[in-house]
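Work through the exercises below with the sequence and the model open. Each task is followed by a solution in steps.

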Amino acid sequence: MKLSRSPRVMLAPLAGAAFAALALVATPAEADEIDLGTIGAAVSLPIERSGLFGEFEDVFSFSIAAGQSFTFSSFVSTGLSNRWSIPDLAGALFDDGGHLVEAGVSASNPSPEGFPRNDVSFAAIVLDTGHYRLEFSGTAKSLFEDAHITSSYGGSANFAAAPVPEPATFLLVALGLAGMAGAVRVRADRRS
């Protein structure tokens with residue numbers, strides 16, 4: 001005995017699968033929040049994210065230990081790919097109050113073959129005790145319209161011991177300020 005299915009019964013599972021696939025593609029990637037911990041010594045920490053498709057905003061939070069200062073710098077890159085890209089990869093560093101400390105410099109560097117690579121770099125800046133948020137955002141895209149190929153980026157956040165001025169530097173600054181004060185006083189005396 002041969003069983004036959006009605007067209008309606010056969011379409012229901014296909015429609016459900018199609019809607020599930022559409023929802024997966026249309027939903028932006030969720031934001032990732034990663035706590036890098038408290039920085040108390042010079043260290044280089046990995047900054048990486050994979051499985052990105054669509055819009056994303058990732059946050060890497062960290063704190064500088066009480067009484068500490070570190071020179072912070074960072075570089076992340078999508079690397080070269082002939083399958084996916086993040087053409088608008090951007091980054092920014094914020095303090096605990098949400099104030100912009102430094103905007104990352106974004107650059108697009110295609111390979112000679114035309115494969116895209118997008119980078120974000122932060123110049124060295126001294127960070128004092130406090131809480132910070134390093135944010136990366138963009139839109140991850142497959143270079144093939146009919147394929148759901150995810151993107152990624154990777155790099156590091158670097159914390160180096162902040163330079164401490166030597167006593168001779170303080171002496172030179174003090175002498176320079178004293179010289180300027182003396183010059184202002186001499187000018188004032190000449191005018192009177």
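A salt bridge here is a side-chain nitrogen of Lys or Arg within 4 Å of a carboxyl oxygen of Asp or Glu. The model is predicted, and side-chain atom pairs count only at pLDDT 80 or more.

**Exercise 1. Salt bridge of R49**

Task: State how far apart the closest N and O atoms of R49 and D32 are, and which parts of the chain the pair ties together.

Solution.
- Step 1. The closest N and O atoms of R49 and D32 are 3.1 Å apart, and the two residues form a salt bridge.
- Step 2. R49 belongs to strand β2 (residues 43–52), while D32 sits in the loop between α1 (7–26) and β1 (33–39), so the pair ties together parts that are 17 residues apart in sequence.
- Step 3. Buried means under 20% relative accessible area. R49 has a relative accessible area of 12% and is therefore buried. D32, with 29% relative accessibility, counts as partly exposed.
- Step 4. A network of salt bridges links D32, R49 and D58. The structure holds five salt bridges.

**Exercise 2. Salt bridges of R133**

Task: Give the N-to-O distance for the salt bridge of R133 with E33 and for the one with E135, then classify the residues as buried, partly exposed or exposed.

Solution.
- Step 1. For R133 and E33, the closest N and O atoms lie 3.9 Å apart. This pair links distant parts of the chain, with R133 in strand β8 (residues 118–142) and E33 in strand β1, 100 residues apart.
- Step 2. A salt bridge also joins the side chains of R133 and E135, at 3.2 Å from N to O.
- Step 3. R133 has a relative accessible area of 30% and is partly exposed. E33 is exposed, at 60% relative accessibility. E135 is at 15% relative accessibility and so counts as buried.

**Exercise 3. Strands paired with β8**

Task: For β3, β4, β5 and β7 in turn, find how many bridges join the strand to β8.

Solution.
- Step 1. β3 and β8 run antiparallel and are joined by 19 bridges. One position to check is I64, whose bridge partner in β8 is G130.
- Step 2. Strand β4 (residues 84–85) runs antiparallel to β8, with two bridges between them. S85 stands opposite K141 in β8.
- Step 3. Six bridges join strand β5 (residues 90–95) to β8, again antiparallel. A90 has S137 as its bridge partner in β8.
- Step 4. Strand β7 (residues 105–108) is joined to β8 by four bridges and runs antiparallel to β8. The bridge partner of S106 in β8 is V120.

**Exercise 4. Surroundings of S77**

Task: Locate S77 in a strand, decide whether S77 is buried or exposed, and find what its side chain reaches.

Solution.
- Step 1. S77 is found in strand β3, which covers residues 54–77.
- Step 2. The relative accessibility of S77 is 14%, so S77 counts as buried.
- Step 3. The side chain of S77 reaches the backbone nitrogen of G79 at 3.0 Å.
- Step 4. The side chains of S77 and D119 are joined by a polar contact of 2.6 Å.
- Step 5. Leaving aside residues up to four places away in sequence, S77 touches R117, N118, D119, Y153 and G154. D119 therefore appears both in this contact list and, as a side-chain partner of S77, in the polar contact.

Note on methods. Residues are numbered from 1 along each chain as its sequence is written. This is a predicted model: local features need pLDDT of at least 70, side-chain atom pairs count only at pLDDT 80 or more; totals for chains, interfaces and linings use all residues. Side-chain values use heavy atoms; hydrogens and water are left out. Buried means under 20% relative accessible area, exposed over 50%, partly exposed in between (1.4 Å probe, protein chains only). A polar contact is a pair of N or O atoms within 3.5 Å; within protein, one must be able to donate a hydrogen and the other to accept it, and residues adjacent in sequence count only if both atoms are side-chain atoms. Contact means heavy atoms within 4.5 Å. Two strands pair if DSSP finds at least two bridges between them.
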